[in-house]
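Good morning, and thank you for making time for this item. I should like to take you through one model, with attention to its cysteines and to one helix.

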Amino acid sequence: MILIKNGYIYTMAGETIEGGSILVDDGKIVEIGKDIVAPLDAKVIDAEGRMITPGFIDAHCHLGMWEDGMGFEGDDGNEWVEPVTPHLRAIDGINPMDITFKEAYEGGVTTAVTGPGSANVVGGQFVAVKTYGKRVDDMIVKEPVAMKIAFGENPKRVHEDQKQSPITRMATAAKLRETLFEAKEYLNKKEEGVEDPSKMPEYDMKMEAMIKVLKKEIPLKAHAHRADDILTAIRIAKEFALDITLDHCTEGHLIADILAEEGKPALVGPSLTDRSKIELRNQTFDTPRILNEAGVKIAIITDSPVIPLQYLSLCAGLAAKSGLDEMEALKAITINPAEIVGISDRVGSLEVGKDADIVIFDGNPLKDIDCKTFATIIDGKVVYRR
């Protein structure tokens, strides 16, 4: 049992508590408030007035998929040679021993939504994991959380190099539609096969993976930077009545009113990078503010390793510097990504019954460039103490 006392607590559940305490037992938050009386054998951490937040959440990264300081040997994020690979699972490519996990939780990031890159039209299945552990199976928060799809320059460029379709935006969209139609037909045959076994289709691992998308058990996770690509993603999702998140959403500020009408969440970033390709020419830290003001639910992402995961709070701080309300910026790396991803029953806020993923900071990580993490707690275990 752990008692954290005398902290300035940002619960992200609608209140802040000055001089507050949090009681943790068996990996969960069991009490939060003031004047908590803990058992005599509880381990006590005196926050001494420091800022306490839920562990930060990155809703779109590639943690453990591209290992730090390696080339091909650690490159496990893209199965380049085939444009449709929904059967691939991030859990089979993640190396939790990579140093970037340690850097993440030392920086206050306790949950990462990680998975395949954007080389393919359909890349595979993302997973939400805690950033501390030795075995990925023991770190899973939810698996799968989404099916990665990609629009724009990346699948065009990759498959042009492979001398195969798609090499145009038209073909990318057509390939996705084709896959979804095949999955619908496969699902229909499976359902018919329950009544008539002769109609049961031959097992297809790719189509099995897509059934979760069709049943809206997981959303499409759409890599889309340019406004037209974002709208194509929405168009296809509407055609098939699917859930979708808009990841990167670099030109989202140009169509904020439309995105607000559509009611789809935007995972914005990475913004702390150069404009390395044409579809990033309108990249700006104004995007989160403009989308938020339009009524779009936002999360801020690093796309790690593009931006190291420990700088997630810096990205949120730069969005705040560009006008995003500071509390909204904090929501964008805590409760918002948890709700968007579908894991808010466990993480994203400090509430009784939720996982004890708690970070204590020396200063304000959104405002103070020299802010250091004082302690990180994941599942009720102190995994870092400065």
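A helix, as I use the word today, is a DSSP run of H or I with at least four residues, and helices are numbered from the N terminus. The model before you is predicted. By that numbering, helix 9 spans residues 312-321, and it is followed by Gly323, whose phi is positive, near 115 degrees.

Allow me to place this in the annotation. The unreviewed UniProt entry assigns the feature "domain: Amidohydrolase-related" to residues 51-383. That span is 33% helix and 20% strand, and its end C-alpha atoms lie 18 Å apart.

Which residues of helix 9 are buried? They are Leu312, Ser313, Cys315, Ala316, Gly317 and Ala319. As for their surroundings, these buried residues pack against two helices, helix 8 (286-294) and helix 10 (326-331). They also pack against strand 6 (56-61), strand 7 (109-114) and strand 13 (298-300).

I turn now to the cysteines. How many disulfides does the structure hold? The number is 0. Cys61, for its part, is in no disulfide, and the nearest cysteine sulfur, that of Cys315, is 12 Å away. Why does Cys315 form no such bond? Its sulfur is 12 Å from the closest cysteine sulfur, in Cys61, and that is too far for a bond, because a disulfide requires two cysteine sulfur atoms within 2.5 Å.

Are these two residues buried or exposed? Cys61 counts as buried, because its relative accessibility is 0%. Cys315 is likewise buried, with a relative accessible area of 1%.

Note on methods. Residues numbered from 1 in each chain as written. Predicted model: local features only at pLDDT ≥ 70, side-chain atom pairs only at ≥ 80, totals over all residues. Heavy atoms only, no water. UniProt positions renumbered as here; feature names shortened; annotations may be inferred. Buried < 20%, exposed > 50% of the residue type's maximum accessible area, 1.4 Å probe, protein only. Contact = heavy atoms within 4.5 Å.
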